[in-house]
Amino acid sequence: MIFQKESRPSRRLVVAVAAGLRVWARVALSALALLVVSIVASSCSYSPDVAEVNQTGAQTNTAQGAKAAPSVTVRTGTPAPGGPNLSTGATPDLTRLEPVPANVWETSIQSLDGKQFKLADYKGKIIVLDLWATWCGPCRDEIPHLIALSKEFAPKGVEVVGVTSEDPTRDLAKVQAFAKEFNISYKVGFAPQEIAIGLVRRGVIPQTFVITRDGHLLARFEGFHPTLTAPRLRQMVEHAVSRPSGT
C-alpha cells in the first residue's frame with residue numbers, strides 16, 4: 001500500500017512534465033519554422049560553376065550545387081583592414097573603397113536584344129548593378145525598387161543594370177518574357193563568369209552593387225528584404241550621387 005500511494009503522485013508528475021515538454025517542443029518548432037521562412041525569404045542560393053573571390057582577393061572554388069547560407073547584409077569598402085561595414089546603418093568612409101576590377105569593366109555582356117555591352121560603357125556614371133535570376137523570389141521583390149531607382153535617379157547620372165545568372169542560350173526567351181511582364185525599364189543582360197569572379201563574395205542572389213562615378217565599389221547588398229534593404233540601397237545611391245567625382 002505504501003508503494004502504491006507514493007507511486008501515484010510520481011506518475012502524475014511524470015505525465016505533467018511530459019505534457020510540458022510537448023508544449024515547449026511545439027513552441028520551439030514554431031519559432032524555428034518562422035526563422036527558416038524569414039531566412040529563405042531574404043535570398044536565394046546561387047552556385048556559379050566558377051571560382052569566387054573572398055574578402056582578401058584569394059580565389060576559393062565553389063562546387064556546382066553547393067549552397068550558401070542566405071542573408072541580407074550590406075558591406076562597403078572591403079579591401080583594407082578596418083574598412084567600413086554598413087550592416088549597422090553607419091555612414092560609409094568614402095576614402096576607403098575598393099576599385100572595381102578592370103576585367104569586370106571590360107567583359108562583354110549579352111543584352112536581351114542579342115547585342116553586346118560593357119559596364120565600361122557607363123563609366124563616369126553611378127552604376128547600380130544587380131545580379132539576379134527569374135526563379136529567385138527575393139530578386140522579383142527587388143525589381144520594382146530598382147525600376148523606381150532608375151526612374152528617379154537617371155537624371156542624376158545613375159544607371160541601373162540587371163544581369164541574370166541564367167544561360168542566354170537556353171533562357172533568352174524566358175528572361176525576355178519576364179522583363180516584359182515586370183515592365184523592366186533598365187538595361188538587362190546575362191552575367192558572364194568574369195563578373196561573378198570579380199564581384200561575388202558569397203553564393204546568394206540577389207546581390208546588388210553600387211559603383212561610384214570613379215569606378216569604386218561603394219556598397220554590396222547580399223539578399224533583399226523590402227523594409228531592410230530597400231531604404232539602405234536608396235541611401236547608398238544618394239551617397240554616390242552626392243559624392244564629388246574623383247574623391
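What share of the contacts in the protein chain with a separation of 6 or more comes from residues 24 or more positions apart? The share is 68%, where a contact means heavy atoms within 4.5 Å. The model is a predicted one, in which local features need pLDDT of at least 70 and side-chain atom pairs count only at pLDDT 80 or more, while totals for chains, interfaces and linings use all residues. Residues are numbered from 1 along each chain as its sequence is written, and side-chain values use heavy atoms, with hydrogens and water left out.

Now for the overall picture. The protein chain has six helices and 13 strands; these are DSSP runs numbered from the N terminus, with helices being H or I runs of at least four residues and strands being E runs of at least two. Of its 247 residues, 41% are buried. Buried here means under 20% relative accessible area, exposed means over 50%, and partly exposed is in between (1.4 Å probe, protein chains only). About 12,800 Å² of the protein chain is exposed, with 60% of that supplied by carbon and sulfur atoms; these areas come from the Shrake-Rupley method with a 1.4 Å probe, and for residues only the protein chains shown count as cover.

How sure is the predictor? The pLDDT, which is the predictor's confidence in each residue from 0 to 100, averages 75 over the protein chain, and 61% of the residues score at least 70. Confidence is highest in strand S9 (residues 158–164), at a mean of 98, and lowest in strand S2 (residues 51–53), at 27. Over residues 29–41 the pLDDT is below 50, and this stretch has four contacts in the model beyond near neighbours in sequence. Residues 47–73 also stay under 50, though the model has 62 contacts for them beyond four places in sequence. Where pLDDT is low, the predicted coordinates should not be read in detail.

Strand S9 is also home to Thr164, which is buried with a relative accessible area of 0%. Leaving aside neighbours within four places in sequence, Thr164 touches Trp132, Ala133, Thr134, Val175, Gly189, Phe190 and Ala191. The side chain of Thr164 also makes a polar contact with the side chain of Glu166, at 2.6 Å. A polar contact is a pair of N or O atoms within 3.5 Å; within protein, one must be able to donate a hydrogen and the other to accept it, and residues adjacent in sequence count only if both atoms are side-chain atoms.

Next come the aromatic rings. Rings of Phe, Tyr and Trp (its six-membered ring) pair if their centres lie within 6.5 Å, and planes under 30 degrees apart count as stacked, over 60 as edge-to-face and the rest as tilted. This rule gives three aromatic pairs. Phe117 and Tyr122 are edge-to-face, because their ring centres are 6.4 Å apart and their planes at 65°. Phe117 is buried at 5%, and Tyr122 is buried at 13%. Phe178 and Phe182, by contrast, are stacked, because their centres are 4.2 Å apart and their planes at 20°. Phe178 is buried at 5%, whereas Phe182 is partly exposed at 21%. Trp132 joins Phe178 and Phe182 in one aromatic cluster.

Finally, the backbone has a couple of oddities. Ile205 and Pro206 are joined by a cis peptide bond, with omega about 0°. Asn183 has a positive phi, near 55°, and is exposed at 59%. Most residues other than glycine have a negative phi, and most peptide bonds are trans.
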